[in-house]
Amino acid sequence: MHAATSAKKQREYVEKLQAEIDALQQKLGDNVKAETIVSNHIKLLHRYNEAKDATQVRVAWILISDPVDIAEDFDRKASLKGTTIRQIHIDMALLDDAN
């Protein structure tokens, strides 16, 4: 059972919510839809997850072929080549182009 709420209080609550919606929409911009932002964010998450999955497969392959601690291996390779671990990741195609 729900407590009774007067029609006046309901209208005030709806007006308050609408004012909050209007303020958030203004903050986003007049021609920007929240659905578009969420959709883009989901696409980016999928892209990130695909890159992460591919990286995990690649790292697993490295570990199987050479069971040296992966962090030590990357660090050792970077030191020997006089480069950074990030560059090693780039050379091994472990980073997305956007990174």
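Accessible areas here come from the Shrake-Rupley method with a 1.4 Å probe. On that basis, the protein chain presents an accessible surface of about 8600 Å², and carbon and sulfur atoms hold 58% of that area. The model is a predicted one, and a short walk through its architecture follows.

Four helices and zero strands make up the secondary structure of the protein chain. Along the sequence, the order of elements reads α-α-α-α. Of the 99 residues in the protein chain, 9% are buried. As for contacts in the protein chain with a separation of 6 or more, 24% of them come from residues 24 or more positions apart.

The N-terminal part of the story belongs to helix 1, which covers residues 7-28 and has 22 residues. From its first C-alpha to its last, helix 1 reaches 31 Å, close to the 32 Å expected at 1.5 Å a residue. Directly after helix 1 comes G29, and the phi of G29 is positive, near 120°. An annotation is also available for this stretch: an unreviewed UniProt entry lists residues 7-34 as "coiled-coil region". In the model, residues 7-34 are 82% helix and 0% strand. The C-alpha atoms at the two ends of residues 7-34 lie 30 Å apart.

Attention can now turn to the surface, where L28, V32 and I37 make a nonpolar patch of about 210 Å². L28 belongs to helix 1, which spans residues 7-28, whereas I37 is found in helix 2, spanning residues 34-65. The relative accessible area of I37 is 41%. I37 is therefore classed as partly exposed, as this value falls between the limits of 20% for buried and 50% for exposed.

Helix 2 also offers a contrasting case in V59. The relative accessibility of V59 is 19%. Because buried means under 20% relative accessible area, V59 counts as buried. V59 can also be placed relative to a residue further along the sequence: L94 is 35 residues away along the chain, and the C-alpha atoms of V59 and L94 are separated by 8.7 Å. Taken together, helix 2 holds both I37, which is partly exposed, and V59, which is buried.

Terms used. Residues are numbered from 1 along each chain as its sequence is written. This is a predicted model: local features need pLDDT of at least 70, side-chain atom pairs count only at pLDDT 80 or more; totals for chains, interfaces and linings use all residues. Side-chain values use heavy atoms; hydrogens and water are left out. Buried means under 20% relative accessible area, exposed over 50%, partly exposed in between (1.4 Å probe, protein chains only). Contact means heavy atoms within 4.5 Å. Patches are made of residues with over 30% relative accessible area and no salt bridge: like charges are joined within 9 Å, nonpolar side chains (Val, Leu, Ile, Met, Phe, Trp, Tyr) within 5 Å. A salt bridge is a side-chain nitrogen of Lys or Arg within 4 Å of a carboxyl oxygen of Asp or Glu. UniProt positions are given in the numbering used here, feature names are shortened, and annotations may be inferred rather than shown by experiment. The expected span of a helix is 1.5 Å times one less than its number of residues.
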